Amino acid sequence: MDHDHHGHAHAEPPGHGHAHARAETAGHGHGHGNHGHGADASSGALRTALFLTTAFMFVEAIYGLRTHGLSLLADAAHMLADAGSLGLALAASEWAKRPRTAKSTFGHRRAEVLAAFVNGIALAVTAIGITIEAVERWAAPREILAFEMLLVAALGLVMNLLVAFILSRAQQGMNVRAALAHVVVDALGSIGAMSAAGFVLAFGWTRADSVVSIGISLLVAFTGWRVLRETTGILLEAAPRDIDVAAVEREILCCGGVAGVHDLHVWRISDRFDALTVHVTLADGSHGVEVCRDVAKRLEEKFGIEHVTVQPEAPPPVEIVCIRSSRDGRRLAAP
């Protein structure tokens, strides 16, 4: 990550250097302290969810082929995407716990964001594959063993609810939320497969399987879009959706000793870790250390931003009135 404003932040006069360090340190400890017992609990939940999802994925795939039920195969394909997403989430969770270094000053927290981004892409690809197969099945319906399909889909629903319960009790980081979204969609997919089997049993309408499969693909696509929207914003260092930058600027200007604000940047490093840097012009007679401390405290109280870096700048010098002499010797103020 490269922000040109950090270059200014460390080239300060001695009196301002302490102000900058104090304002940043106020939130810095909080920003990197989220990987203790909660992170271990999240890893344990992800491991359990990965095992259960992978095991039942094979069950659904085998019976989907046996019963010719596309909605069951679609749910198995979604479980495959889930297993991949849970594996990525688990790997990213472990990677993110590594300490920061001189090369990676923010640590490896962005690994979680990258994993969630890949998960979103996997969901989109899965949705496209399901839709294509559903259209083909609509054109050429196949005989379906609906009773076996109904039983397996019901077991899938129970398994998805169990995994969702396990994940909901873990620390709700970005990866866990993304994995939970996968599982919720899986549960809806299982309900859809049960509905399709019910239509086949009750009315002999085999095309119901294709209709339900397209509905599942839409759910998968919507979930993928939400994950991609959130992670893309973070990777592009956009301002967090829940923070009004204009309101942040107004709040800073309300702080005592602040005459002006510029170079305001707000971005998200990873889930629950927002950062802000700003240059403030000091009012006459204000002390940089006190102003930086007040700005950082107010931003934490009002917006929950703990990682704040404030660059104080001296007020501009009073304009000097230039004096020039006319040819006849009279002194005139320059325009």
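Me: Which backbone oxygen does the side chain of S217 reach, and at what distance?

Reply: In this predicted model, the side chain of S217 reaches the backbone oxygen of I214, and the distance between them is 2.6 Å. S217 itself has its place in helix α8.

Me: What makes this a polar contact?

Reply: The cut-off for a pair of N or O atoms is 3.5 Å, and the 2.6 Å from the side chain of S217 to the backbone oxygen of I214 lies within it, so the pair is called a polar contact.

Me: Why is S217 called buried?

Reply: Buried means under 20% relative accessible area, and because S217 has a relative accessibility of 3%, it counts as buried.

Me: How do you know what span to expect of helix α8?

Reply: Helix α8 covers residues 208-235, which is 28 residues, and an expected span of 40 Å follows at 1.5 Å a residue. The helix reaches 40 Å from its first C-alpha to its last, which is close to that expectation.

Me: What is notable about the phi of E237, and where is this residue placed?

Reply: E237 has a positive phi of about 55° although it is not a glycine, and it comes just after α8, in the loop between α8 and α9 (245-253). Most residues other than glycine have a negative phi. D263 is another residue with a positive phi, of about 50°, although it is not a glycine, and its place is in strand β1 (residues 258-270).

Me: Why are E237 and D263 called partly exposed?

Reply: The class of partly exposed lies between the cut-offs of 20% and 50%, and because E237 has 25% relative accessibility, it counts as partly exposed. D263 has a relative accessible area of 36%, and therefore falls in that class as well.

Me: How do you know whether C255 is in a disulfide?

Reply: The structure holds zero disulfides. For C255, the nearest cysteine sulfur is that of C254, 7.3 Å away, whereas a disulfide needs the two sulfur atoms within 2.5 Å, so C255 is in no disulfide.

Me: Are C255 and C292 buried or exposed, and why?

Reply: C255 counts as buried because its relative accessibility is 6%, and C292 counts as buried because its value is 0%; the cut-off for this class is under 20%.

Me: What can be said of E290, and why is it placed in its accessibility class?

Reply: E290 has its place in helix α10 (residues 288-303), and because its relative accessible area is 44%, it is called partly exposed. Its C-alpha atom is separated by 9.3 Å from that of G256, and the two residues are 34 residues apart along the chain.

Me: Why is T67 called buried?

Reply: T67, which lies in helix α3 (residues 37-67), has 0% relative accessibility and therefore counts as buried. T67 and L150 are 83 residues apart in sequence, and their C-alpha atoms are 10.0 Å apart in space.

Me: How many cavities of 30 Å³ or more does the structure hold, and what makes up the lining of the second largest?

Reply: The structure holds three cavities of 30 Å³ or more, and the second largest has a volume of about 50 Å³. The residues that line the second largest cavity include H68, R137, D209 and S210, and by class its lining has two nonpolar, three polar and three charged residues.

Conventions:
Residues are numbered from 1 along each chain as its sequence is written. This is a predicted model: local features need pLDDT of at least 70, side-chain atom pairs count only at pLDDT 80 or more; totals for chains, interfaces and linings use all residues. Side-chain values use heavy atoms; hydrogens and water are left out. On a 1 Å grid over the protein atoms alone, a cavity is a set of points where a 1.4 Å probe fits but cannot get out, and a pocket is an open set with protein on both sides within 12 Å along at least five of seven lines; lining residues have an atom within 4 Å of a point. Grid points are joined across faces, edges and corners, and a volume is the space filled by probe spheres set on the points. Ala, Val, Leu, Ile, Met, Phe, Trp, Tyr, Cys and Pro count as nonpolar, Asp, Glu, Lys and Arg as charged, and the others, Gly among them, as polar. Helices (H or I, at least four residues) and strands (E, at least two) are DSSP runs, numbered from the N terminus. The expected span of a helix is 1.5 Å times one less than its number of residues. Buried means under 20% relative accessible area, exposed over 50%, partly exposed in between (1.4 Å probe, protein chains only). A polar contact is a pair of N or O atoms within 3.5 Å; within protein, one must be able to donate a hydrogen and the other to accept it, and residues adjacent in sequence count only if both atoms are side-chain atoms.
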